[in-house]
Amino acid sequence: MAKPNVISKQELIEAAKACIVENGLEKLTLKMVADKANVTQGTVYYHFHTKNKLMMDVVKDVCLRSWQEMSHAQTVEFVVPEALNAAKERCRPDSFFHRLFLSLVVFSFNNEEIKQELGQLLMFENKVLSEKIQELIADKHADSGWQGPVQENRLMGVSAGTWAVIINALIDGLAVQSLVSPEFDREKVFAELGVFFQQLLESKSV
């Protein structure tokens, strides 16, 4: 028997995640989520209206939780390996996150609401990462004993904001290759990417 229609939106998002993991993105429907959550289909429709809106909210939930956890990290040295590990897991061929994300990107070409929500999500990601990079730059200035004013937050001559955009675009690009290329060596690429970021962290150039 279905539950009374007293269920949170978050519970429905969790049910949707479980459906995707168990049955795949292509088979996801509002009815499937309703059955999983043991509620009426009308309840799911009330919160999401369409499958694409449901997919958007699942992507936002996964992404925001991940970045919020990283935003509470104590040091950038902790954030970088954590972020790379999370990105590597999302780039698994069987991971649903980037399948959802890229499907929504395509859909957003003809849907202004989804486009705006994706844009806001990317802006949030860039903001969190930029703030962590700014902390790194400040730490490097402090370690170097620099006493003068810092005109702009730069690392290797590149601003923190631009680094954030580049890194996020890099991870999304690697996800595309992982999804479409059977020859993509995820372990090797992320191991060497870790070396690159470690050298960047240790660099004395700001």
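Modeller: Let us begin with a definition: a residue is buried when its relative accessible area is under 20%, exposed when it is over 50%, and partly exposed in between. The structure above is a predicted model, and these classes are applied to its residues.

Colleague: How is Asn38 classed, buried, partly exposed or exposed?

Modeller: Asn38 has a relative accessible area of 33% and is therefore partly exposed. This residue belongs to the loop that joins helix 2 (30-37) to helix 3 (41-48).

Colleague: What is notable about the phi angle of Asn38?

Modeller: The general idea is that most residues other than glycine have a negative phi. Asn38 is not a glycine, yet its phi is positive, near 60°.

Colleague: Which value does phi take in His49, and where does that residue lie?

Modeller: The phi of His49 is near 70°, again a positive value in a residue other than glycine. His49 sits in the loop between helix 3 and helix 4 (51-71). With a relative accessibility of 45%, His49 counts as partly exposed, because that class runs up to 50%.

Colleague: Which residues does the "DNA-binding region" annotation cover?

Modeller: According to the unreviewed UniProt entry, the annotation covers residues 29-48. Such annotations may be inferred rather than shown by experiment. In the model, the stretch 29-48 is 80% helix and 0% strand, and its end C-alpha atoms lie 11 Å apart.

Colleague: How should the chain as a whole be read, and how many helices and strands are there?

Modeller: The chain holds 9 helices and 2 strands. Along the sequence, their order is α-α-α-α-α-α-α-β-β-α-α. Of the 206 residues, 40% are buried. The chain exposes about 11800 Å², and carbon and sulfur atoms supply 56% of that area.

Colleague: What share of the contacts joins residues at least 24 apart in sequence?

Modeller: Among contacts between residues at least 6 apart in sequence, the share is 70%.

Colleague: By what is a pair of packed helices described?

Modeller: Two packed helices are described by the angle between their axes and by the distance between those axes. Here, helix 1 and helix 2 pack at about 110°, and their axes are 9 Å apart. The two helices are therefore roughly perpendicular to each other. Helix 1 contributes Leu12, Ala15, Ala16, Ala18, Cys19, Glu22 and Asn23 to the contact, while helix 2 contributes Met32, Val33, Lys36 and Ala37. By type, the residues of this contact are 8 nonpolar, 1 polar and 2 charged.

Colleague: At what angle do helix 6 and helix 8 pack?

Modeller: Helix 6 (residues 97-108) meets helix 8 (residues 160-180) at about 105°, with 10 Å between the axes. That angle makes helix 6 roughly perpendicular to helix 8. On the side of helix 6, the contact is made by His98, Arg99, Phe101 and Leu102; on the side of helix 8, by Ile171, Asp172, Ala175, Val176 and Leu179. These residues divide into 6 nonpolar, 1 polar and 2 charged.

Colleague: I should like to read single residues within helices. Is Asn168 of helix 8 buried or exposed?

Modeller: Asn168 is found in helix 8. Its relative accessibility is 9%, so Asn168 counts as buried. Leaving aside residues up to four places away in sequence, Asn168 touches Trp67, Glu125, Asn126 and Leu129.

Colleague: Which residues does Leu121 touch?

Modeller: Leu121 is located in helix 7 (residues 112-144). With 6% relative accessibility, Leu121 is buried. Apart from residues up to four places away in sequence, its contacts are Met56, Val59, Lys60, Cys63 and Leu64. One of these, Val59, is 62 residues from Leu121 along the chain, and the two C-alpha atoms are separated by 9.2 Å.

Colleague: Where is Glu14, and which residues does it touch?

Modeller: Glu14 belongs to helix 1 (residues 9-23). Glu14 is partly exposed, with a relative accessible area of 33%. It touches Asp61 and Arg65, not counting residues up to four places away in sequence. The C-alpha atoms of Glu14 and Val33 are 9.2 Å apart, although 19 residues separate the pair along the chain. Val33 also takes part in the contact between helix 1 and helix 2 described above.

Methods:
Residues numbered from 1 in each chain as written. Predicted model: local features only at pLDDT ≥ 70, side-chain atom pairs only at ≥ 80, totals over all residues. Heavy atoms only, no water. Helix = DSSP H or I, 4+ residues; strand = E, 2+ residues; numbered from the N terminus. Axes fitted to C-alpha atoms, helices over the stretch in contact; angles between N-to-C directions. Parallel < 35°, antiparallel > 145°, perpendicular 65-115°, else oblique. Contact = heavy atoms within 4.5 Å. Nonpolar A, V, L, I, M, F, W, Y, C, P; charged D, E, K, R; others polar. Buried < 20%, exposed > 50% of the residue type's maximum accessible area, 1.4 Å probe, protein only. Areas by Shrake-Rupley, 256 points an atom, 1.4 Å probe, with all protein chains shown as cover.
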